[in-house]
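Biologist: Please take me through one part of this protein in detail, and then show me what lies around that part. I would like the reasoning spelled out wherever a label such as buried or exposed is used.

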Amino acid sequence: MAEKSQTALQRYKSRRVGYLVDQEKTEPPVSAKDQYHNNGLALRLLLLFLLLPALGFFGWRAYENLPGEPLELTYEIDLSEAPHGTLMVTLIAEGKLPPQLDLEYPPGIFGKTQYGRKLLRPSAHALNDNGTMGRPLTVDQSANGWRLGTRGLNRAGFIYRVDLSKAESSEMDIRKHISTLVNGGVRFAGFEIFLQPTNSNVKNITVTLHNPARMPVLVPWPALVKNTNREHNDSAGPLADAHLGYGQGYNPTPDLATAISSGQAARNKPNFAEPVPMNLFYHPNDLADLNNALIICGNIRTLNSRAKDCVIQFATSQNWLFNDSDALDLVRRIARTEIGFFGSSPTEQITVLLATNEVQTAEGFDVYGVHTGSSVLVMIHRDTTWGMLEEQAASVIAHEMFHGWLGEAITQNDPATLWFTEGATTWYSARMLTAAGVWTPQHARQVLTDRLNRDYVQNPWRGEVSIAAAAADVMGDPDQVRYAYAGGVAASIALDQWLSRQSRMVRPLDEVLRYLYENRTEEGFSRLVLEEAVLAVTGVDCRLWLENYVYGTQNLPPVDRLI
Ligand SMILES: [Zn+2]
């Protein structure tokens, strides 16, 4: 693994929009007609996790030149008490340690004391060269975390427990439901578990999972398949840097037989006979990867399939009113369509994790979607039927999965392009569902028409604030957020049609998206990148068009083709 060193500042800059939350609200169906209508009224809200912490970064101490050599970090997570909602974490820091080592949760909404997970019984000690425990170290609570007295040491261990008990069902903030108890174990996000040094550079991060009960463990992100190193895909045999691969640590689902007998899956059947290892480990690429991790252990069932060279995985720990194999088939159809659209998958594994929506208030949403990397956590009601899954949850799955390309690979970190990242993703997810045969074109058109009429055409914010400004302000009022999403959809469709007339191309925006994906860079997505991609693909200079209709307040020209 290439050595990577990041200062705290670089790391905050480098933190990608790892977790995006999309929310879908549909009212309980009254009649078939109403249900259809209500689906058209689907409301999607965006809460950009990392935009919130970004606001706090301005006040953050800027470590331009951190002292000392970069530290190596190993996080050992003991899953022994996971079924009771407790994780024991040992952080081992190695290198020339500073006199005092400051450890904090990633700053932001989850780093604040009132939101952060309770850290129990912290203790620290020196580690001797032979690995044995040395003298205890001072552990003082600081404003945002903990300060360890590490003067003169080359190795120190910090042990703490994290309590992952469930949030109240009246808790509306879905972000507080991501890390929680699940059937037989827990689900947790990296940013809620991993304390990090803030006054030292960091290189080489290792996460190990100690799993004495040999529970099934799933790590949808980072995508831990064998041959994680894409550049060396051709080399045979497992690489040393990822020990946790698909087919390891998973429970075969009871109805796997049905799934594999249906063809494709049978030929690519992973070897489920491999025992669940007691110790698993992986190396996140960097601190962003560490924070973005989603890890689940417990009574998980998984089903695997393939689309091109990508493993498609469906996982759940709940029993549903539909078959796992049907759900996998739905996921596979969506994944295959989206991979086909872009030509390849940005990751070697796409996991869709279906979980129960624990939010039980009148204002709560029926379906919540979160993506991290190319993997998707979808939270739906316990009593969701197959029909509801196809009509409602499928659009959330398609939307979140599409973010694996537009949002992750084409990296969304500039608020000025959120209108496109969300608007185009919403539009294309409807088109992908249509292409995959999950939605009829008529249904997709109806959903889009209702949404555009209600949330864009009739929105009080229309003409008052630009679509781009509304989208950049994720803390806006609900009408503004609806305006931003629907406006982004309308702008994407209108841009496609305008470009089509200018260039005589049939689907110019499709080509622009593929161009953005193929030419993606570390710097990420920006207004300039979009303008240049449009010019490169279509020969059209779209700067004035965007200035007027997206970054300005002119009403978009009417569109005539929605799908
Ligand atoms: Zn989204």
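**A close look**

Modeller: Phe402 has a relative accessibility of 0%, so this residue counts as buried; the cut-off for that label is under 20%. Phe402 forms a tilted aromatic pair with Phe342, with 5.2 Å between the ring centres and 50° between the planes. This pair links distant parts of the chain, since Phe342 is in helix H7 and Phe402 is in helix H8, 60 residues apart. Phe342 is also a buried residue, because its relative accessibility is 2%. Keep in mind throughout that this is a predicted model.

How many aromatic pairs are there by the ring-centre rule? The count comes to 18. One of these joins Phe341 to Phe402: the centres are 6.2 Å apart, the planes meet at 45°, and the pair is classed as tilted. Phe341 lies in H7, which covers residues 324-342, and Phe402 lies in H8, which covers residues 386-402, so the pair ties together parts that are 61 residues apart in sequence. Phe341 has a relative accessible area of 9% and is therefore buried.

These rings belong to a wider group. Phe341, Phe342, Phe402, Trp405, Trp427, Tyr428 and Tyr517 form one aromatic cluster. Trp427 has a further partner: the charged end of Arg431 sits over its ring, 4.9 Å from the ring centre. Elsewhere, the ring of Tyr551 has the charged end of Arg527 over it, 3.8 Å from the centre.

Now consider the helix that holds Phe402. H8 packs against helix H9, residues 418-435, at an angle of about 125°, and the two axes are 8 Å apart. That angle makes H8 oblique to H9, because it falls outside the ranges for roughly parallel, roughly antiparallel and roughly perpendicular. The crossing of H8 past H9 is right-handed. Which residues meet where H8 and H9 come into contact? On the H8 side they are Ala394, Ser395, Ala398, His399 and Phe402. On the H9 side they are Glu422, Thr425, Thr426, Tyr428, Ser429, Met432 and Leu433. Phe402 and Tyr428 therefore appear twice in this account, among the residues where H8 meets H9 and in the aromatic cluster.

H9 also contains Thr421. Its relative accessibility is 1%, so Thr421 counts as buried. Leaving aside neighbours within four places in sequence, Thr421 is in contact with His403, Leu406, Gly407, Gln412 and Phe525. Thr421 and Val489 are 68 residues apart in sequence, while their C-alpha atoms are 9.7 Å apart in space.

Tyr517, another member of the cluster, is one of the buried residues of helix H13. H13 runs over residues 508-518 and is mostly covered, with eight of its eleven residues buried. Those eight are Pro508, Leu509, Asp510, Val512, Leu513, Arg514, Leu516 and Tyr517. Pro508 is touched by Ser500, which also touches Met505 and Val506 when residues up to four places away in sequence are not counted. Ser500 is in helix H12, residues 478-503. Its relative accessibility is 19%, so Ser500 counts as buried, since the label applies under 20%.

For contrast, here are two exposed residues. Arg121 is in strand S6, residues 119-127, and counts as exposed because its relative accessibility is 63%, with over 50% as the cut-off. Arg121 has a positive phi of about 45° although it is not a glycine. Lys308 is found in the loop between strand S19 (301-307) and strand S20 (310-316). At 59% relative accessibility, Lys308 is likewise counted as exposed. Its phi is near 50°, again a positive value in a residue other than glycine.

Finally, the whole chain. The protein has 15 helices and 25 strands. Of its 563 residues, 60% are buried. Among contacts between residues at least 6 apart in sequence, 76% join residues at least 24 apart. The pair of Phe342 and Phe402, 60 residues apart, is one example of a link between distant parts of the chain.

Note on methods
Residues numbered from 1 in each chain as written. Predicted model: local features only at pLDDT ≥ 70, side-chain atom pairs only at ≥ 80, totals over all residues. Heavy atoms only, no water. Phe/Tyr/Trp six-rings, centres within 6.5 Å; stacked < 30°, edge-to-face > 60°. Helix = DSSP H or I, 4+ residues; strand = E, 2+ residues; numbered from the N terminus. Buried < 20%, exposed > 50% of the residue type's maximum accessible area, 1.4 Å probe, protein only. Lys NZ or Arg CZ within 6 Å of the ring centre and 35° of its normal. Axes fitted to C-alpha atoms, helices over the stretch in contact; angles between N-to-C directions. Parallel < 35°, antiparallel > 145°, perpendicular 65-115°, else oblique. Left-handed = near helix turned anticlockwise from the far one by under 90°. Contact = heavy atoms within 4.5 Å.
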